[in-house]
Amino acid sequence: MIAILGVLLLLAAVVLAVPTAVLCTECLLGLLPRRPNHEGVDEKPSAIAVVIPAHDESSVIGPTVEHLRQQIGAGDTLLVVADNCGDDTVKIAQGAGARVIERVDPEHRGKGYALSFAMAYLKEHEVPSAVVIIDADCRISDGGVSRLASLALKTRRPVQADYTLDPSPSASPGARMSAFAFQVRNRIRPRGLERLGGTVHLAGTGMALPWEVFASAPAMQGHITEDLALGVELTLRGHPPMLCADVHVTSDLAPNQAGQATQRRRWESGHLQTLARYVPRLLTQAFARRKPRLLLSGIDLAIPPLAMQVTLLLGGCGLGLLGLLLGTSSLPATLFAAEIVGTAASIGLVWLVAGRDVLRFEDWLSLPGYVLSKIPGYLRLLGRKRDLDWKKTERKT
């Protein structure tokens with residue numbers, strides 16, 4: 001029995017070592033000075049369609065539309081998809097100058113349905129050269145819409161902008177910890193993954209796709225993280241997304257704990273769902289088609305959310321030490337300890353170089369409590385049917 005325990009612990013340590021090594025490498029490479037980003041794409045393309053999926057976004061849709069109107073030309077379309085809205089989203093978006101189409105189907109709600117609805121509308125009314133997708137609560141850097149669309153048209157590939165969250169000055173340490181983890185996931189790791197030769201993943205906002213890629217993309221209805229799943233599907237179909245780190249998209253972190261918890265549950269549950277569904281496909285296709293890019297993207301997708309990664313490594317190390325007391329080999333505990341040190345060193349370096357504006361030094365004192373507070377949620381995710389519905393994040397303070 002003790003021998004079996006030792007084998008299982010060693011197997012777990014080895015399995016976790018692969019994504020941990022890729023995580024550490026991405027973090028280190030992602031901190032290197034950025035290369036000149038895609039010269040020759042500054043000319044503004046014609047007929048861009050900017051699509052804003054919106055579900056009860058009356059509190060934020062007006063400023064977003066006004067902001068985006070300043071970045072589009074006379075031949076472009078600014079389209080708001082009001083999906084099952086019960087507030088003033090339609091009225092406010094129209095008043096701010098957007099074209100609004102309404103979708104009413106309470107039994108089938110979600111961003112995937114909204115994007116499919118937008119595609120059908122554009123196909124019937126006016127086919128654009130490129131589609132840029134921006135969430136209703138996001139801001140994009142000046143000239144970002146044009147640059148994303150230009151790069152998508154030049155490369156004939158989906159393009160993902162740099163996307164981060166802004167915590168409020170009064171945010172709790174846990175909220176700033178979440179914003180920092182989001183920055184690692186959406187800014188640092190994609191830069192490192194691209195340097196390794198892997199395909200970056202779509203983040204759901206700040207995305208641009210050539211029309212033919214958007215129109216032929218599979219419907220992502222029924223996915224919590226439809227953006228992540230869409231990027232993997234496009235990669236498997238020969239349209240791997242690329243990063244445009246020069247364009248920055250930001251949104252505010254939910255201002256209260258209930259809203260933050262909703263955001264985290266959605267991201268983490270969707271990540272695990274997509275991981276379980278697509279990692280085996282990516283790895284299988286990588287070997288069948290001899291594509292290292294697919295292998296790297298599959299391993300990157302297999303990296304769990306950062307707090308979960310820390311929880312798994314600490315738990316594995318604890319079990320390894322317990323096994324050592326029972327007479328198993330010291331190798332599992334040693335491997336888990338090495339993975340903890342590597343993760344801590346790489347994440348700590350990211351914070352020193354690029355994260356101190358988000359996470360304060362004293363916030364690290366809340367890390368043990370932050371990780372412990374996540375464990376009940378992870379256990380619930382394992383035993384609960386995942387919610388596929390589109391739930392609006394609470395934004396009121």
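A crossover counts as right-handed if, with the strands pointing away from the viewer, the path from the first strand over the helix to the second runs clockwise. In this predicted model, that is the hand of the β-α-β unit built from strand E2, helix H3 and strand E3. Here E2 covers residues 77–83 and E3 residues 99–103, and the two strands pair in the parallel sense over five bridges. One residue pair to look at is Ala82 and its bridge partner in E3, Glu102. The helix of the unit, H3, takes up residues 89–95.

On to the charged side chains: the structure holds 15 salt bridges. Arg139 turns up in two of the pairs picked out here, with Asp166 at 3.4 Å, N to O, and with Asp252 at 3.2 Å, again N to O. Asp252 sits in strand E8 (residues 242–252) and Arg139 in strand E5, so this contact ties together parts 113 residues apart in sequence. As for exposure, Arg139 comes out partly exposed at 33% relative accessible area, Asp166 is partly exposed at 32%, and Asp252 is partly exposed too, at 42%.

A helix-to-helix case is the salt bridge between Arg281 and Glu233, where the closest N and O atoms are 3.2 Å apart. Arg281 belongs to helix H9 (residues 257–289) and Glu233 to helix H8 (residues 226–236), so the pair joins parts that lie 48 residues apart in sequence. Arg281 is partly exposed at 35% relative accessibility, whereas Glu233 has a relative accessible area of just 9% and is therefore buried, the cut-off being under 20%. Finally, Glu26, Arg189 and Asp300 are linked in a network of salt bridges.

Conventions
Residues numbered from 1 in each chain as written. Predicted model: local features only at pLDDT ≥ 70, side-chain atom pairs only at ≥ 80, totals over all residues. Heavy atoms only, no water. Pairing = 2+ DSSP bridges. Helix = DSSP H or I, 4+ residues; strand = E, 2+ residues; numbered from the N terminus. Salt bridge = Lys/Arg side-chain N within 4 Å of Asp/Glu carboxyl O. Buried < 20%, exposed > 50% of the residue type's maximum accessible area, 1.4 Å probe, protein only.
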